[in-house]
Number of protein chains: 2
Amino acid sequence: MISTNKLPEDLDCGIRVAFKIFGGKWKLCILDAINRGIVRPAAIQKEIHEAPLRVIEMQLAELLFYGAVEKKCDEDSYPKKSEYFLTELGKTILPLSLQIDAWGTIHSAFVKAKQVELNEMMSLSK
Amino acid sequence: MISTNKLPEDLDCGIRVAFKIFGGKWKLCILDAINRGIVRPAAIQKEIHEAPLRVIEMQLAELLFYGAVEKKCDEDSYPKKSEYFLTELGKTILPLSLQIDAWGTIHSAFVKAKQVELNEMMSLSK
DNA sequence: TTACATACCGAATCTTTTTTCGGTTATTGA
DNA sequence: TCAATAACCGAAAAAAGATTCGGTATGTAA
């Protein structure tokens, strides 16, 4: 993550800009977790158990770079305690996140059924 | 595109479901074009000139499979005339698309500036 | 001391997605 | 006949993205 791309990317397209910031596989889940008060990397990872810790770290780093989250690190205390919070920019993503999640939840059963259909098609033509 | 995945994918997560349907690089642009009355593959490709025709075809096939668009093909006429239209499902994606695009447009300049910053960082540590 | 927990990073590897390339088929018009 | 256009497809290649692995450092508690 956080890489300069070889293929030209059109940042004049709003959709492409938006997806660059929060299009990552776990980004919206991470922002949601932080919003729900789960603010430390290890805690976020426990919440989103499918994602490896390394991914949480990398996507946090990217969200940090683009200013969607901010980091507060208390070096003295123990455990080391890094905490991430939503910035004003990050907060503007939440309404979108909620609507995207709502859309997906509504159509979840349908998409799952289609997925089964697809798996059957693939196994027949193996 | 349209592949069965090796990595487990959590379709219980609304965000993951949504991104599966319209998370592709050009999907929302294609849906938007169709909504604006640009309904044939070649025409869509002229509209979204950055995307190769093959990509338009593949992403249309995927949107078709998941029922976000429908295809009307008049075999007799010439030119061959395949036309794609939004289904009811496809239309439900439009409001999200508009908001995502609006968000990206608002933050476009900021993200572009960050991108310049990143490119400078990368070239220094080359 | 040993084991454990936290945060984080580099690099290799794997998976998925996107792109490029070279076809096929069919019809129109010069 | 020959060029042009439309739709579409398979397969390889390239790129991007995600994951695994092993490492650092720090401090706590058994």
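These are my notebook entries on a predicted model, covering how its two protein chains meet and how they face DNA strand C.

**Conventions.** I number residues from 1 along each chain as its sequence is written, and I letter chains from A and number ligands from 1 in the order in which they are written. The model is predicted, with local features needing pLDDT of at least 70, side-chain atom pairs counting only at pLDDT 80 or more, and totals for chains, interfaces and linings using all residues; side-chain values use heavy atoms, with hydrogens and water left out.

**Entry 1: relation of the chains.** I superposed the copies by least squares on the C-alpha atoms of residues with pLDDT of at least 70 in both. Chain B falls on chain A after a rotation of 180 degrees with 0.0 Å of shift along the axis, at an RMSD of 0.1 Å. This is the relation of a two-fold axis. Both copies use the same surface, as 100% of the contact residues of chain B recur in chain A (contact means heavy atoms within 4.5 Å).

**Entry 2: the interface.** I found that 50 residues from chain B and 50 residues from chain A take part in the contact. The buried area, which is the accessible area (1.4 Å probe) that two parts lose on being put together, summed over both, is about 4,500 Å² here, and carbon and sulfur atoms give 72% of it. Of the area that chain B buries against chain A, 15% comes from Ile15(B), Phe65(B) and Trp103(B), more than from any other three residues.

I then looked for salt bridges (a side-chain nitrogen of Lys or Arg within 4 Å of a carboxyl oxygen of Asp or Glu). There are two between the chains. In one salt bridge, Asp12(B) meets Lys112(A) at 2.6 Å, N to O.

**Entry 3: DNA strand C.** I counted a residue as near the strand if one of its heavy atoms lies within 4 Å of it. There are 26 residues around DNA strand C, and those that come nearest are Glu57(A), Lys71(A), Lys6(B), Lys25(B) and Met58(B). Sugar or phosphate accounts for 63% of the strand's atoms within 4 Å of the protein, and bases for the rest.

Which parts of the protein approach phosphate oxygens of the strand? An N or O atom in the side chain of Ser82(A) is 3.0 Å from one. A polar backbone atom of Lys6(B) is 2.5 Å from a phosphate oxygen, and for a backbone N or O atom of Leu7(B) the distance is 3.0 Å.

How values were computed: A polar contact is a pair of N or O atoms within 3.5 Å; within protein, one must be able to donate a hydrogen and the other to accept it, and residues adjacent in sequence count only if both atoms are side-chain atoms.
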